[in-house]
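Visitor: I'm new to reading protein structures, and I'd love a close look at a single part of this one. Could you walk me through it slowly?

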Amino acid sequence: PGELDWVGPSLGEHTEQVAERKRVEAAAVPQPIEQAFGQFSRLDRAHADAAEVQTVFVPETSLETIRIGDPQIWVVRRPAELREVLGDLLPPPEAGRVFARTERLIVRYALSGTASADAKVTVGLVDRKGKRLTELPTRADRGGWLIDLPLTSLARADFLLAIEARAGADTATAYVPIRVAR
C-alpha cells in the first residue's frame with residue numbers, strides 16, 4: 001500500500017481561504033444602507049405602521065447640481081389599476097413599504113438641480129448585505145422617471161431600490177426600502 005496523495009489546498013492555503021471568507025462576511029455594510037434597512041428592524045420590534053419607513057438620501061443635504069426627489073410608490077394588483085397609475089389622473093401613492101409577491105410596484109421620482117437634464121440615472125436592487133443584485137430598468141416619464149417592478153420573481157425579504165443620479169463629479173442616491181412579505 002502506498003501513501004495517500006493530498007490533492008486539496010495546503011493547510012496554509014486553507015487558512016487563507018477561511019480568513020478571506022471571514023473578511024467578506026464581516027465587510028461593513030455602508031451606513032446609509034444599514035440605516036435604510038434598520039427601519040424595518042425598528043418596525044418589527046415596535047409593531048409600528050409601515051408608513052414610517054422612509055427613503056434615505058445620500059448626501060443628506062441637497063447638492064445644487066443634482067437632487068433626487070422623494071420617490072413615490074403605487075401598488076398595482078389588477079390591469080385596471082395599472083391603467084389608472086399610468087393615466088393622467090394619478091391615485092394617491094402608497095404610504096407603506098410592505099408588499100405581497102403578487103403585486104407590482106410603479107415607482108416615480110424626479111431629478112432637480114442645475115445638471116439634472118444631463119444626469120445619468122441607474123437603479124439597482126440591493127439586498128440586506130448591501131450587495132447589488134441586479135440593475136432595474138428606469139425610463140423617463142412625465143418630466144420625471146419611472147420604475148416598473150413586478151414582485152413575483154423576488155423572494156420574501158427586505159430590499160432597497162438604489163436610485164443613483166450622476167452629473168459630472170456629483171452623485172445623489174436615494175435608498176428606498178421595500179419588504180416583500182407574503
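Which side chains meet Arg104 or Asp148 in a salt bridge?

Guide: Happy to help! Keep in mind that this is a predicted model. The two residues you name are partners: the side chains of Arg104 and Asp148 meet in a salt bridge, with 2.5 Å from N to O. Arg104 lies in strand E5 (residues 104–109) and Asp148 in strand E10, so this pair ties together parts that are 44 residues apart in sequence.

Now look at how open each partner is. Arg104 has a relative accessible area of 27%, so it counts as partly exposed. Asp148, at 28%, is partly exposed as well. Strand E10 covers residues 144–150, and from there Asp148 touches Arg104, Leu105 and Ile106, leaving aside residues up to four places away in sequence.

The structure holds nine salt bridges, so let's follow strand E5 to another of them. Asp141 forms a salt bridge with Arg108, where the closest N and O atoms are 2.7 Å apart. This pair also links distant parts of the chain: Asp141 is in strand E9 (residues 138–141) and Arg108 in strand E5, 33 residues apart. Here Asp141 counts as buried because its relative accessibility is 13%, under the 20% cut-off. Arg108 is buried too, with a relative accessible area of 9%.

Asp141 has a further partner, Arg139, with the closest N and O atoms 3.9 Å apart. Arg139 is partly exposed, at 43% relative accessibility. Through shared partners, salt bridges join Arg108, Arg139 and Asp141 into one network.

Note on methods:
Residues numbered from 1 in each chain as written. Predicted model: local features only at pLDDT ≥ 70, side-chain atom pairs only at ≥ 80, totals over all residues. Heavy atoms only, no water. Helix = DSSP H or I, 4+ residues; strand = E, 2+ residues; numbered from the N terminus. Buried < 20%, exposed > 50% of the residue type's maximum accessible area, 1.4 Å probe, protein only. Contact = heavy atoms within 4.5 Å. Salt bridge = Lys/Arg side-chain N within 4 Å of Asp/Glu carboxyl O.
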